[in-house]
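Here are my notes for you to read beside the sequence and the structure. Please take the points in order, and keep the structure open while you do so.

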Amino acid sequence: MRFRGFSMVLVASLLWGVSGTVAQSLLQHYHFTTEWLVAARLLLSGAVLLLLSLAGDKRQNVWKIVRSGPDFGKLVIFALFGLLAVQYTYFASIELGNAATATLLQYLGPVFLTGYLVARNRQLPSVAQMLALFLALLGTFLLITNGNPGNLSISTGAVLWGLASAVALAFYTLYPKKLLERWGATVVLGWGMLIGGIGLCVLSQPWQATGQIWMMQSVLAVGFLVLFGTLIAFYLYLDSLRFILPSETSILASAEPLSAVVATVVWLHVPFGLFEWLGAFCIVGTVFALANHKEKKAEFAREQHI
């Protein structure tokens, strides 16, 4: 069962890495907006997941969770501050920068997650956690300055949105564990995406966006984002939490930033210098430092009481 969880996270991470590059192409070459893409991803994927839930063995949960009171309130929080937040901040960072940098900044999420657990349990950080923090800070510095402290290699907005996506990812990973156990990943993710998409529509009216270039390439790209980069990837990632620890999902997700960097450099020809590569490996290295954390089992026991 653990191997199944590992495989699910790995496939999800690869799909996310490639979808970030697809999103960059749509945002920067075909003039789509962050609001339009995020709303389309959430609404379409959410609707499909709920239809699948109604046809599956957990169909009774589709409507039960809506009438569940406290759990529905938690679902709304997860939808707005988890699913919507993690996608919107990530796409906004891509729009102002590039998919490789946005993905790497988002990948600081495990560091924020570890920091939260350390603070909540009022314990001193371990050597592995301190090493992870050092690598995260060094990697971020190299990534956004390209080794030159007096110059940012990407815009300030891209950096801030990227860091916000890391915080959202930490919340998204930790918060829904009990909801998933009680109601199932398809139901939770379906309603979460639908609610998040509706919330974004209320705030930004993405249907008013104009100027998108619709042609065969952009249609296929949007389809890939909805089906593979959202529907399948998010389901695999969330459902894997039934088999492995949240901290382990972060470790295996190291395939995402590396695949995003390779796809961005090879496909979109975005320049990536030596210091940026060093920063990328430092950030990816944070999860391997956290993997050696000896208190993993104790962390799992504590997470059951969230």
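1. In this predicted model, N61 is a residue of helix α3, which covers residues 59-64. Is N61 buried or exposed? Its relative accessibility is 9%, and because anything under 20% is called buried, N61 counts as buried. The side chain of N61 comes to 3.3 Å from the backbone oxygen of W183, and, once neighbours within four places in sequence are left aside, N61 is in contact with R182, W183 and V187.

2. A second buried residue to look at is S19, which is found in helix α1 and has a relative accessibility of 2%. With neighbours within four places in sequence set aside, the residues in contact with S19 are F224, L225 and G229.

3. Taken as a whole, the protein has 15 helices and zero strands, and 56% of its 306 residues count as buried. If you consider the contacts between residues at least 6 apart in sequence, 88% of them join residues at least 24 apart. The accessible surface comes to about 13,400 Å², and carbon and sulfur atoms account for 71% of that surface.

4. Ten aromatic pairs turn up in a search of the whole structure. One of them joins F32 and W214, whose ring centres are 5.1 Å apart and whose planes stand at 75 degrees, so the pair is edge-to-face, the term for planes over 60 degrees apart. Which parts of the chain does this pair tie together? F32 sits in the loop between α1 (2-28) and α2 (34-54), while W214 sits in the loop between α10 (185-204) and α11 (216-239), so the parts that are tied together lie 182 residues apart in sequence. F32 is buried, with a relative accessible area of 2%, whereas W214, at 48%, is partly exposed. Together with W36, these two residues form one aromatic cluster.

5. Helix α6 (residues 109-120) allows a simple check of geometry, because its twelve residues, at 1.5 Å a residue, should span 16 Å, and the C-alpha atoms at its ends are indeed 16 Å apart. Among the residues of α6 that are buried are L113, T114, L117 and V118. When you look at such a list, it helps to recall that an α-helix has 3.6 residues a turn, so residues three or four places apart point the same way. Just after α6 comes R122, which takes a positive phi of about 50 degrees.

6. The same check can be made on helix α13 (residues 255-267), whose 13 residues reach 17 Å from the first C-alpha to the last, close to the 18 Å expected at 1.5 Å a residue. The buried residues of α13 include A255, E256, P257, S259 and A260, and also V261, A263 and T264. Following α13 is H269, which has a positive phi near 60 degrees.

7. Lastly, a point on confidence: the mean pLDDT of the protein is 82, and 90% of its residues reach 70 or more. Which helix has the lowest mean pLDDT among the elements, and which the highest? The lowest mean, 45, belongs to helix α15 (residues 296-303), and the highest, 93, to helix α4 (residues 70-96). Over residues 294-306 the pLDDT is below 50, although in the model this stretch has 26 contacts beyond near neighbours in sequence.

Conventions: Residues are numbered from 1 along each chain as its sequence is written. This is a predicted model: local features need pLDDT of at least 70, side-chain atom pairs count only at pLDDT 80 or more; totals for chains, interfaces and linings use all residues. Side-chain values use heavy atoms; hydrogens and water are left out. Helices (H or I, at least four residues) and strands (E, at least two) are DSSP runs, numbered from the N terminus. Buried means under 20% relative accessible area, exposed over 50%, partly exposed in between (1.4 Å probe, protein chains only). A polar contact is a pair of N or O atoms within 3.5 Å; within protein, one must be able to donate a hydrogen and the other to accept it, and residues adjacent in sequence count only if both atoms are side-chain atoms. Contact means heavy atoms within 4.5 Å. The expected span of a helix is 1.5 Å times one less than its number of residues. Accessible areas come from the Shrake-Rupley method with a 1.4 Å probe; for residues, only the protein chains shown count as cover. Rings of Phe, Tyr and Trp (its six-membered ring) pair if their centres lie within 6.5 Å; planes under 30 degrees apart count as stacked, over 60 as edge-to-face and the rest as tilted. pLDDT is the predictor's confidence in each residue, from 0 to 100.
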